[in-house]
Amino acid sequence: MAGLVGRDYEITRLTGLLGEVENGTPAFVVVSGDAGVGKSRLVGEFCDRARASGAVVLSGGCLELDGGVIPYGPLVEALRLLVRQRGENEAQQLAGPAWNELGALIADFTDAEPTASMMGAQTRVFGAVSRLLDHIGVQAPLVLVFEDVQWADTATLDLLAYLALTSSDQRMMLLCSHRSKLPAGHPLRTKLAKPELTRKAHKIGLEPFTAWESRVFVAALSDGQVSPEQADHFFELAEGNPYFTEQLLAAGGDSQVPESLSDLMLARLMRLGDNAMSVVRVAAVAGRRVSDELLARIAGLEDAVIDAALTECLDNGILVEERVDDSYRFQHALLRETAYNTVRSRERKRLHAALAEALTEEVAYNPYVLSELAYHWSAADRTPEALRAAVVAGDLAMRVRAFQDAEAQYARALDLWSRQPDAETVARVGKVRILTAAADAARWAGHLGPAVAWMEEAVAHSPLDGVLHERLGNYRWEAGFDAQSVAAYQEAHRLLSTGPASASGSRARSALATAQVKIGNYTEALAMARRAEQEAHEAGAAAEVGRARNSSGLARVLLGEHDEGVTELRQAKQIAEETDHLEDMLRASANLGVCLERAGHVAEAVEIFRAALDRSRELGVLGSRHAGLLANNACATLFLTGGWDEADQLIREVLRYHPARETTFQRLTKAEMDIATGRFAEAGHLLESVRNHPSAQPKFLSPLYRCLAELAARQGNTAAALETVRHGIEAIAGREDDLLVLQLCASGLGIAADGSDVPDLPLIVEDLLARAASAGAEDDESSVLAAWCAAEGDRYKGVDTPATWHAVAEGWRALARPYPMAQALARLAAAAVRAGEKELAAQASEEAADVAEQLGAAPLATEIVKLRRTHRLQPRTAPSERHAFRLTERELDVLRWLCEGLTNNEIANRLYITKNTVGTHLHNAYRKLSVDNKYQAIAKVRAIGLFDD
C-alpha cells in the first residue's frame, strides 16, 4: 500500500484538533468526499497517529443494507472492537459504570444483561453513551469515529447530534465521514444543515489528487515502474480518485476501463429510461463537458422530452449541471467512458461528425473549442479536417502554456499525418515544425522520452539544421543523456558557426560553455560564454544575451569571482523574465541559487529555489527536469544549513515523481542525507543505482566517491574507503574546482584518523595532506576545508589541539553549516579530553550532542554519547530548570514566542528562519519536554516557570 499522499493539510488539521481535545475542548469533525477519494484511508492514518499519542480510539462504520437497519450500528461496532482489542474486563474498567447500562446494545458480545426497556428509551441510551465516553475521556483523550454516516439509521444520527451539541468539556473528538453530494432531503444532509450543528462542525472536504499527487501515488504503488505518461493517463481517467487509480493500475495499464469498475458504472446507467439513456450517449460522445444548446441540438428531442431526460440524469447522479456556463458534465470520467462504450461504432461516427460540424461554427468566436473539434473530426474518420484542427489547437495550447493539451494535439496530428497523402498541404505546415513543437510540449509536460524521440525524428528529416541539433542537445540533457547531449551541441555549433551571427548559434555556444562548466573546465567555459554573448549582441538577440550570461556567471563564481558572477546571473534571470523565456528563467534561477550558496548567501539561495519551484507549480511544469533539479538544489542547500526534515520530504517527492535516469543527482543527494542520518542500507541501495552512471561532472563524482568511501568506512573497511577516496581525486584531477578536491581530502583524512591496520597508511595521509595544501583556498568554505584537512592530519598523528578544532568549528558556524560544525565540536571535545581540559570537553560535547540530536544525525550522536560516557563528561554547572531538558538556545527562542501566542509563520519572521525550520525546532522541543503538542508544551513551560526570569 502506498503511504498517505496529498493529505498533509488534513492530517495536520486533525492533529491540531486532537491537541485541543487533550486540553479539554471537544471537537466535532465531519470529513466528506466522493466514493474512493480516500476518506477511510485518511481517517485510518489519523487514528493510528492518535493511538500512538496515547488516545483511545473507538471506530465503527455504517452499512448500506437493502432492507432494515442496525440501530446504533457504528457505536455497537466500536464497542465490539474495543472488547476484541482489550478484553471485556479491561473494556468495562475503561468505560466505567455506564458499560452495564448499555446491556441491550452489547449483550451479544459481552456478559452484560440486556435491559428490556433500553432500546426504546432513546434518552437513556444517549445518557449512558455520554457517561461512558466521559469516563474514558477522563483517563485519556478519546476519538470516536463513525464512518459512512450517509447510511446511518435515524437513531445514530440523533445520537451524533446529541453528542456534538452536549459536549462542553469532554476530552472527546467525534469524527464522522460521509460521501459528498448528498441529494436534497437526505436525512444526514438535513441534520448537518441545522444551524447549531453547522456552528459546531469542523468540516474537512477531501478533494481528488492533483496530477502531481496522482503521479506520486502511482509511483508508490508500482515501485516507480509506471512511466509519467501512463500515470498521467490514469489521472485523466480516474480524475484523481485514488481507488479508481488503484483499479486502473491493477488492470495492468490497459486503456480499457477495468471490468470491476465498468460493471459498477454500467449498473448505474441501466437505471435510466430510454430517453435519458439517449441523452447520455450524446453527452458521452461529446466528451467531458457539453453545452446545453449543443446537447439539445444533437440529441434531436423535443424540449419537454429532453427536459425530463436531463432531470432523470441529474437526479441519478449521472450528469452534473454547471450553471455558470449552462453545460453538463459526467459525474466521473469513468462513467463517461462506460457510457461511450455502449454507443455502436456507426452511431459514434455520426454523432462525432454532427458535433464537429456544430463546433466549426463556434470556432470563429471561441477558438478554445479547437481541441474538441480535432477530437471529433478524428473520431469521425474525417482525417483532413482533424489534421488541420489538431495543428491549430496545439499551437493555441502552446501559446497559453497548456503543455499537456498541446502535446496531445501534436501527437494526434503526427498520427494523422501518415494517413493523409498531402498532409503538408492540408496542415499548411511541414512535419518538422510539428515534430519540434510536439517535442517542446512534451518536455514541459514532463514526458522527456517522447520529447527526445520526436526531436531525433526532426533531426533525421533535416540533418543540416543546426537549430534542431541544439534543441536535441537540450532534451537529451534533460533526459539524462549527457554524452549524447554534448554531441548534439557540438554538431549544432559546427553547422551554425559557418553562417552569420544568429540567436541559435549563440545558444549552441552557451550550451557548450555550460557543458564545459559541468566537467570542471571553467576558464574555457568562460571564454566560450563570452563569444556566445558577443554573437548574441551581433544578432540582436536579447534572450540569448541572458543565456550567455547565465553560463559566464556560473563559470566566474566557480573560478572564485563570486560577486561578479552572481551579478551576471542576476542579469541573466532578469533578462529571462523580461523576454518571458521559461527555460532560461528556470535555468538562471537554478544556477543563481547554486552560486549564492557557493558565495555564502545560503538563506537567499534557498529562497531563490523556492520561488522558482513556486513559479514552476504556477505554470504547471513541476514535472519538468528543470523543476526536478531546482528541487534537488534546494534539498542540497537545506541539508547544508540544517533543514534536514524539509530536505528529506522534498527529495522523496522528487524521486517518486521523476524516472530514474532523470534523478541521478537527486538520488546522490538522498544517499548523502541517508548516511548522515544512519540509514546506511538505503544509502547503499541508492549509491549502487548511480555509481555506474556515465558522468564526467566533478560535482557528481566528488560527492559520489565521498559517499562510497564513508559507507565503506562505516562497514569497517578502511582500506577500501581510502582507495575510493583516491579514485575520486583521480577522477576529478585536472579540473578547476579545488573545493571538490578539498572535500575528498577532508573525508579521506577523517577516515584515516579513525582507522588502523591499513598498509602504507602514513604515506596515504601525507599524500592527502599534500593534495589539500596544494589546493587553492579562494573562498571561505575552501579555507575552512583546508583547516579541517590540516586538523584531521594532526588527529591522525595524535597532535591535534582544542584550539585547532575550535577554529574549524567556528569557521563552520560562520558559514551556518551545523553538521560539520557539530563534527568539529566532537573532535574538539576529544582533543580537550586528551589535553586534560574536561570542562571544555563537556561544553563542546554538549553543544555537539544538541546539534546532532536536532538534525537527526544518529551516527554522530552515538559517537558523542560514547565519548561523554567513556570520559564521564558533565556540564560545568548543575543544569538549571531551563536547561534540564537540554533545550538549545534556538528551541528556547521558538518556545518563548510560541508562549506569546505567535504562529509558526510569525515566529519564522521574528527569527529570520523558515516556517519549516520552526516546525523542526518545535518537534525537537516537544520530544525533550515529553509533550505531544503546543498546548501541552505551553502548559508545561508555564508550570515549570521556564521563562519566569
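## Exercises on a cavity and its aromatic neighbours

About 40 Å³ of space lies in the largest cavity of this predicted model.

**Exercise 1.** Work out which residues line the largest cavity, and how these residues divide into nonpolar, polar and charged.

*Solution.* Begin with the number of cavities: the structure holds one cavity of 30 Å³ or more. Next, collect the residues around the largest cavity, which are Trp 477, Tyr 489, Ala 511, Thr 514, Ala 515, Lys 518, Arg 547 and Arg 587. Sorted by character, this lining comprises four nonpolar residues, one polar residue and three charged ones. Finally, turn to the secondary structure, where helix α28, covering residues 503-518, gives the most to the lining, with four residues.

**Exercise 2.** Find the residue whose charged end sits over the ring of Trp 477, and the one whose charged end sits over the ring of Tyr 340.

*Solution.* Trp 477, already named as one of the residues lining the largest cavity, has the charged end of Arg 625 over its ring, at 5.1 Å from the ring centre. For Tyr 340, the residue to find is Arg 336, whose charged end sits over the ring at 5.0 Å from its centre.

**Exercise 3.** Decide whether the aromatic pair of Phe 639 and Trp 644 is stacked or edge-to-face, and do the same for the pair of Trp 644 and Tyr 819.

*Solution.* The count of aromatic pairs comes to seven. In the pair of Phe 639 and Trp 644, the ring centres are 4.9 Å apart and the planes meet at 25°, so the pair is stacked, given that planes under 30 degrees apart count as stacked. Trp 644 also pairs with Tyr 819, with 5.2 Å from centre to centre and 70° between the planes, and this pair is edge-to-face. The pair links distant parts of the chain, since Trp 644 belongs to helix α35 (residues 644-657) and Tyr 819 to helix α44 (residues 818-834), 175 residues apart. Taken together, Phe 639, Trp 644 and Tyr 819 form one aromatic cluster.

**Exercise 4.** Determine whether Phe 639, Trp 644 and Tyr 819 are buried or exposed.

*Solution.* The cut-off needed here is that buried means under 20% relative accessible area. Phe 639 has a relative accessible area of 9%, so Phe 639 is buried. Trp 644, with 4%, is therefore buried, and Tyr 819, with 14%, is buried by the cut-off as well.

Notes: Residues are numbered from 1 along each chain as its sequence is written. This is a predicted model: local features need pLDDT of at least 70, side-chain atom pairs count only at pLDDT 80 or more; totals for chains, interfaces and linings use all residues. Side-chain values use heavy atoms; hydrogens and water are left out. On a 1 Å grid over the protein atoms alone, a cavity is a set of points where a 1.4 Å probe fits but cannot get out, and a pocket is an open set with protein on both sides within 12 Å along at least five of seven lines; lining residues have an atom within 4 Å of a point. Grid points are joined across faces, edges and corners, and a volume is the space filled by probe spheres set on the points. Helices (H or I, at least four residues) and strands (E, at least two) are DSSP runs, numbered from the N terminus. Ala, Val, Leu, Ile, Met, Phe, Trp, Tyr, Cys and Pro count as nonpolar, Asp, Glu, Lys and Arg as charged, and the others, Gly among them, as polar. Rings of Phe, Tyr and Trp (its six-membered ring) pair if their centres lie within 6.5 Å; planes under 30 degrees apart count as stacked, over 60 as edge-to-face and the rest as tilted. Buried means under 20% relative accessible area, exposed over 50%, partly exposed in between (1.4 Å probe, protein chains only). A charge sits over a ring if NZ of Lys or CZ of Arg is within 6 Å of the ring centre and within 35 degrees of the ring normal.
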